[in-house]
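I opened this notebook to keep track of what I look up in the structure. The entries follow the order in which I checked things.

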Amino acid sequence: MVLLSPLKDEKGWFMDTGFNFAQLALFLSDRWGEIINLTVQHISVVAISLVIALVVGVAIGVAVWNKPISRATALAAAGIAITIPSLALLALLSPLLGLGWGPTIVALVFYSLLPIIRNTVVGLREVPAGVLESARGMGMSRARVMLTTQLPIAWPVILTGVRVAAQLTIGIAAIAAYVAGPGLGQYIFTGLSSIGSRNAINYALVGTVLVIVLALLVDGAFVFITRFTTSRGLRG
Amino acid sequence: MAEITNTGFLTAISEQSAGVSIELDNVTKVYPGQSAPAVENFSMSIEPGEFVVFVGPSGCGKTTTMKMINRIIEPTSGSIRIDGKDVLSLDPNALRRHIGYVIQQIGLFPHRTIAENIGTVPRMLGWSKSKVAERVDELLRTVQLDPADFAKRYPKQLSGGQQQRAGVARALAANPPVMLMDEPFGATDPITREKLQAEFLRLQAELGKTIIFVTHDFDEAIRLGDRIAVMSERSKIEQFDTPANILAAPANDYVASFIGQGAAIKRLTLIPVTAARLLPVAEGSPGIPADGSLRDALDLIVLTGSRAINVVDADGRPMGSLDHATISAVLGTPSKRGGRG
Amino acid sequence: MSTATADPVDWSTGEVTRFRDRSAMVARWAAAPAFVAVALIATFAFVSALQLDSIEQRTLNPDYITARIREHIVLTIVASALVAVLAIPAGILVHRVQSRIFRGIVLTIGNIGQATPAIGVVILLAIVWQTGFATAVVALVAYSFLPVLRNTMIGLEQVSPEAKEAARGMGMTPGQVLRHIELPLATPTILAGLRTSLVFAVGVATVATFINAGGLGDMIVNGLKLQRFPVLLVGAVLVAAIAILIDWLAGIVEDLVRPKGL
């Protein structure tokens, strides 16, 4: 029916992909249950990882934000960690944690830590000194000041870190499918392993496009999350 | 052909570093998408070497008017002439190299040293390296920044007042006959500000540039201007006169409200003691130098509790005396001798 | 998306996190090479103590490893150089276009590009075109183009309007303002974008093994497939070491090239 591109006639590049919209429609109608399942898995693994990373990252941030040496060490370590290619990390984790959800969640938490720790530190350091002083002056304990004053004021900045982490991990989760991780990456790799077959392009395309859509939707969702979890006095 | 003429003209005005005339004729600026003009039919004639201050509330169009002179903002209609030549016929970039320009935020280039900042225009004009370096040193000394200390520093290593001096030095670099200054001292603290104003007045006494200076601070306008244009909405000129005349006879309620409280005291600042009709010398009273202002005289009367004070000449000889009544009498008759002369 | 760096630009909001901690930087400069050295020595010690079987011997020898490292680095450098040459001028051009709508469109495409998983780009390109080195380079360039373009635009837009007005006010032509004021002041942001893309490239070069483009990903994938942990370990440690060292080098270049006074 409709072919992907006029390039087909001139160069023959798209000959063997066999892509057409009728095929894609058939593909989607055959597998929509599976597709929804993979999408839910993808969101779940990212959400679980982000919650864990939020707890761990904020805890580390709170522990180090006002201690120059620990702060430098934590940020340097997280900065090194995030440069490690994800396939390498996933491969290293698999002998220890097996395949599937385990190594995927550990890897996603690992990559989320830098943005979350960094933004927690930045957010806490940006709390005006006068606010801290007056809170202390009212007789609040340090822990209480942290919980009732510093963290709420730093929250929008911390949440921005989580948002960056979400974008990062939605993409990395796609690669985790190589170690049998859950989610849409499975379709992308199925596309790879079935090169030459009629549905290769459909698998890879559906997997990739849904990851993009998911990333954009989640990014949009963060606008609302930020709005509804930030004190009205801090909103622009 | 036009290019050659223009370059010739610009070279000619740049040789007259001591100030040239500026005329604005029915200048109007309408921003696209806005029905009301920001500046409407603005006309003004400025003498060579004159220090003119535009004063008015924020958003009245005074800055827009000034920025049309170096064509940072292009006028919608009307004509602007510098030394008789229409600026709209000149290449805007070449024009701007011959007009000093200082803005409130200073806009020093953060990645260049103070010396490099000041040398920017001379380098663009093709001066030799040694001439640029000489000029930079000279200017740093002029604005009272020690070249040995400051030339190699970066802007962020300077205080606000020092940055502002560097900004003035940069604007003066190519010795332009015209200076446009947009609230240049607005962002500094009051003490620094007063110091910068005093230094700038001394500088101007030597240089004699034609200066257009925008501010919303009326006291600054009185302190600096030869003439002040009090402006309202759309850059309408409510009054354009010497500080003394505006204080003595505000043209309307708008100007009067802009002057605010204490007009009489502000006027006294501008009038020398010699303008008063002196009474005979009062023996045993404190003395005030003849170049003091009536404001200084009043201060002395209040501080010492004397009924009268003597005006003394440069050699310390009493010339006559002043009391409350003689000072009040000066304010009663608008003085033609007031102002900075 | 296979890797990311500690880039200072927060993509989702376009804000620059102005967090530069001196002691953190010093710690990082020393920490990265030290960490890499320890990891490499430990891996070497571990592997040399092992009795390698014939499959492992085929890959765990200097010739094979050097060839994979070379492939990996060539792919990374070629792709990053192409990105620098294409994306920075494109960013300048887009910045010069006065139309807000056009810039908005470019930034929106940039956002979508940011959300695209690298593995998807690589595999789709392999399916519709061919497998191999050229595909990997094209995929990498396509993938890194938008972030670098975007950082160039953001860097230019962040230049203080006062500095630009002062420059115009003293009679600089638009070209002079660009060369003398805007580009030098945008350098840190542009370099941060390039650094991100460089580290990115190391990661994407790892998944290039899936489309037969070689590199250290071969060792990781073979190690996994054949259940040979030492092979996997050496591949993963080496690729991590390359990523960390490239980021480290790029960071030092960034510090050296950043205009003084900023």
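**Entry 1: a sheet in chain B**

I began with a sheet in chain B, bearing in mind that the whole model is predicted. The sheet is open and has four strands, in the order β2-β1-β4-β5 (chain B), with antiparallel pairing. I then asked which strands of chain B stand at the edges. They are β2 (39-46) and β5 (85-86) of chain B; each has a single partner strand, so one side of each is left without a neighbour in the sheet.

Next I looked at one pairing inside the sheet. Strand β1 (residues 22-29) and strand β4 (residues 77-82) of chain B run antiparallel and are joined by five bridges. For B:Glu23 I looked up the bridge partner in β4(B), and found B:Arg81. As a reminder to myself, strands of a sheet pair through backbone hydrogen bonds, either parallel or antiparallel.

A helix belongs in this entry too. Helix α2 (residues 62-69) of chain B lies across β1, β2 and β4 of chain B. I noted its direction as about 120° to β1(B).

**Entry 2: B:Ser89**

I moved on to a loop that follows β5 of chain B. B:Ser89 lies in the loop between β5 and α3 (92-96) of chain B. Is B:Ser89 buried or exposed? The answer falls in between: B:Ser89 has 13 C-beta neighbours inside 10 Å, and therefore counts as partly exposed. I also checked a distance from this residue. B:Thr269 is 180 residues away from B:Ser89 along the chain, and their C-alpha atoms are separated by 43 Å.

**Entry 3: chain B as a whole**

I counted elements next: chain B has 15 helices and 13 strands. Its C-alpha atoms fill a box of roughly 70 × 55 × 35 Å along the principal axes. The radius of gyration of chain B is 22 Å, which agrees with the value near 20 Å for a compact globule of 341 residues. Of those 341 residues, 41% count as buried. I also looked at the contacts in chain B between residues at least 6 apart in sequence, and 67% of them join residues at least 24 apart.

Then I checked confidence. The mean pLDDT of chain B is 86, with 92% of its residues at 70 or more. Residues 334-341 of chain B have a pLDDT below 50, although this stretch has 18 contacts in the model beyond near neighbours in sequence. Where pLDDT is low, the predicted coordinates should not be read in detail. I left that stretch there.

**Entry 4: chain A**

Chain A has nine helices and zero strands. Is chain A spread out or compact? Its radius of gyration is 22 Å, well over the 18 Å that the globule rule gives for 236 residues, so chain A is more spread out than a compact globule. The box filled by its C-alpha atoms, taken along the principal axes, is roughly 75 × 40 × 35 Å. I found that 47% of the 236 residues of chain A count as buried. Of the contacts in chain A with a separation of 6 or more, 71% are between residues 24 or more positions apart.

**Entry 5: which chains touch**

I asked which chains share the most contacts. Of the two pairs of chains in contact, that is chains A and C. Chain A and chain B do not touch, and their nearest C-alpha atoms are 21 Å apart.

Between chains A and C, 51 residues of chain A are in contact with 53 residues of chain C. On the chain A side, α3 (68-83), α4 (86-97), α5 (101-125), α7 (142-176), α8 (185-193) and α9 (200-229) each supply at least two residues. The most comes from α9(A), with 11 residues. By class, I noted 34 nonpolar, 13 polar and four charged residues on this side of chain A.

One residue served as an example from chain C. C:Ala115 lies in helix α4 (residues 100-115) of chain C. C:Ala115 is buried, with 21 other C-beta atoms within 10 Å. Leaving aside neighbours within four places in sequence, C:Ala115 is in contact with A:Gln167, A:Ile212, A:Ala215 and A:Leu216.

Last, I turned to chains C and B, where 17 residues of chain C are in contact with 21 residues of chain B. Both α7 (161-169) and α8 (174-207) of chain C supply at least two residues of the chain C side. The largest share, six residues, comes from α7(C). By class, this side of chain C has nine nonpolar, four polar and four charged residues.

Key. Residues numbered from 1 in each chain as written. Chains lettered and ligands numbered in written order. Predicted model: local features only at pLDDT ≥ 70, side-chain atom pairs only at ≥ 80, totals over all residues. Contact = placed C-beta atoms within 7 Å. Nonpolar A, V, L, I, M, F, W, Y, C, P; charged D, E, K, R; others polar. Rg over C-alpha atoms; globule rule 2.2 N^0.38 Å. Buried ≥ 20, exposed ≤ 12 C-beta atoms within 10 Å, placed from the backbone. Pairing = 2+ DSSP bridges. Axes fitted to C-alpha atoms, helices over the stretch in contact; angles between N-to-C directions. pLDDT = per-residue confidence, 0-100.
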